[in-house]
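User: I should like to learn how to read helix packing and burial from a set of coordinates. Could we begin with the contacts of a single residue?

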Amino acid sequence: MPSSSSKFYHPYFSPAEIEYLSEKQRGKQTATQEEKVRQNACAFIETIGSRIGFPRRTIATAQTLYHRFHLFFPRKDFQYNEVALAALYVSTKEHDTLKKPRELLSVSYAIRYPELAAKSKNPSGEIDLDTVDPTMVENDRQRLLAIERLILETICFNFTARMPFQYVIKIGKEMQANKQNIKLAWRIAIDCYRTLLPLIYPPHTLAVGSLYVAALLLSFEKPEIPMRDAGGNLSPAVIAEKMNGGEVHWAWQECYRTTIEDIDDFAHTILDLFVQFSQNPSANTSPSTPSSPSPNLATRDRHASQQQQYPYKADYLIRLKIALREKKYKTRPKKPLGPDPSALYTNEKIGQNEGTVRFLFFPPDSKSND
């Protein structure tokens, strides 16, 4: 008689679990190689999402689904563009921005096969699938649907997705941050989805961390400005001082259920990402959030016009990291790894038809499962 088992949805993972599972699925790849593939996949999702005109929530969720997928499945068994496309397909369902697999494949072919895009008669550069080998198209479509199933099972069919973007605006206004600070924090919140931070911290912590990093970037080694501007908003320097435990006291940790250790870890992870991209200008970060596609602007031109770069050099970012290290925050005791966490997240039956698998929306020992 077929066996049965239960799979639990884990909205977040501890840093120890992330480190263990990432190393396990990395295989023979180095951490640097893994990071390069991860950024290629995020850029691939970003490019397709921007060309189609998906809202930011769809793109960000797809990037998170990609990261989560490779906590369960080895990287060597999958091409990053296949997993990225399947993650984007699941995300379109999750946010009701649905596109058919063939539509996604058409846009992806224009990116993966530039020679086909050059021959395309479509002004936007999209590939007419009728001109492509039908066997290849069908194989890719079936592959996309197969990986889609695996992704759905890794999230236990839980379509709940919370984004930090609305919190950036609300918390930023409550902090009395100026528009420049909030705008930069929004871009940082977008870029944090290129990292594993959304699998560790909830959206409100991502929002607070984004505001903190924005305040640091706008005030570190910058000329002093008045504490308040003409509109009564606080300067980035004051915001940063309030949040990093300076002379100005502010009980923000209790208010936002976030600790200084959390946002310090967030800051270093984001700064590492920015250092990486400042040393590799060919990689694009933080395009503006796609709006409704303009009928008067070709898709490839619209995408190119959205690419923006942070005006910070690697040496500046490294000096900021050193300054943060010197603050020597009291480190939070690390949660011990304990038993092999992959015992809870095993993929032994995922994607298979044998036996019965019960998917639960909450982690083990949660009262919601009773």
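Analyst: Beyond its neighbours within four places in sequence, leucine 217 is in contact with Leu184, Ile188, Lys222, Leu271, Phe274, Tyr312, Tyr316, Leu317 and Leu320. Please bear in mind that this is a predicted model.

User: Which residues have the most contacts inside the largest nonpolar core?

Analyst: They are Ile188 and Leu217, in a core of 99 residues. Helix H10 (residues 203–219) gives the most to this core, contributing eleven residues.

User: How should the packing of H9 against H10 be read, and at what angle do their axes cross?

Analyst: As a general idea, an α-helix has 3.6 residues a turn, so residues three or four places apart point the same way. In this case, the axes of H9 (residues 179–191) and H10 come within 8 Å and cross at roughly 120 degrees. The two helices are therefore oblique to each other, and H9 passes H10 in a right-handed crossing. Residues of H9 including Leu184, Ala185 and Ile188 meet a set in H10 that includes Val213, Ala214 and Leu217.

User: Is H3 largely enclosed or not, and why?

Analyst: Burial is judged by relative accessible area, with under 20% counted as buried. Because 13 of the 14 residues of H3 are buried, the helix is largely enclosed by the rest of the structure. For H3 (residues 56–69), the end C-alpha atoms lie 20 Å apart, in agreement with the 20 Å expected at 1.5 Å a residue.

User: Is leucine 105 buried or exposed?

Analyst: Leucine 105, in helix H5 (residues 101–112), is buried, with a relative accessible area of 2%. Outside its neighbours within four places in sequence, leucine 105 is in contact with Leu85, Val137, Asp140 and Arg141.

Technical notes. Residues are numbered from 1 along each chain as its sequence is written. This is a predicted model: local features need pLDDT of at least 70, side-chain atom pairs count only at pLDDT 80 or more; totals for chains, interfaces and linings use all residues. Side-chain values use heavy atoms; hydrogens and water are left out. Helices (H or I, at least four residues) and strands (E, at least two) are DSSP runs, numbered from the N terminus. The expected span of a helix is 1.5 Å times one less than its number of residues. Buried means under 20% relative accessible area, exposed over 50%, partly exposed in between (1.4 Å probe, protein chains only). Contact means heavy atoms within 4.5 Å. A nonpolar core is a set of buried Ala, Val, Leu, Ile, Met, Phe, Trp, Tyr and Cys residues joined through side-chain atoms within 4.5 Å. Axes are lines fitted to C-alpha atoms, for helices over the stretch in contact, and angles run from 0 to 180 degrees between N-to-C directions. Angles under 35 degrees count as roughly parallel, over 145 as roughly antiparallel, 65 to 115 as roughly perpendicular and the rest as oblique. A crossing is left-handed if the near helix is turned anticlockwise from the far one by less than a right angle, and right-handed if clockwise.
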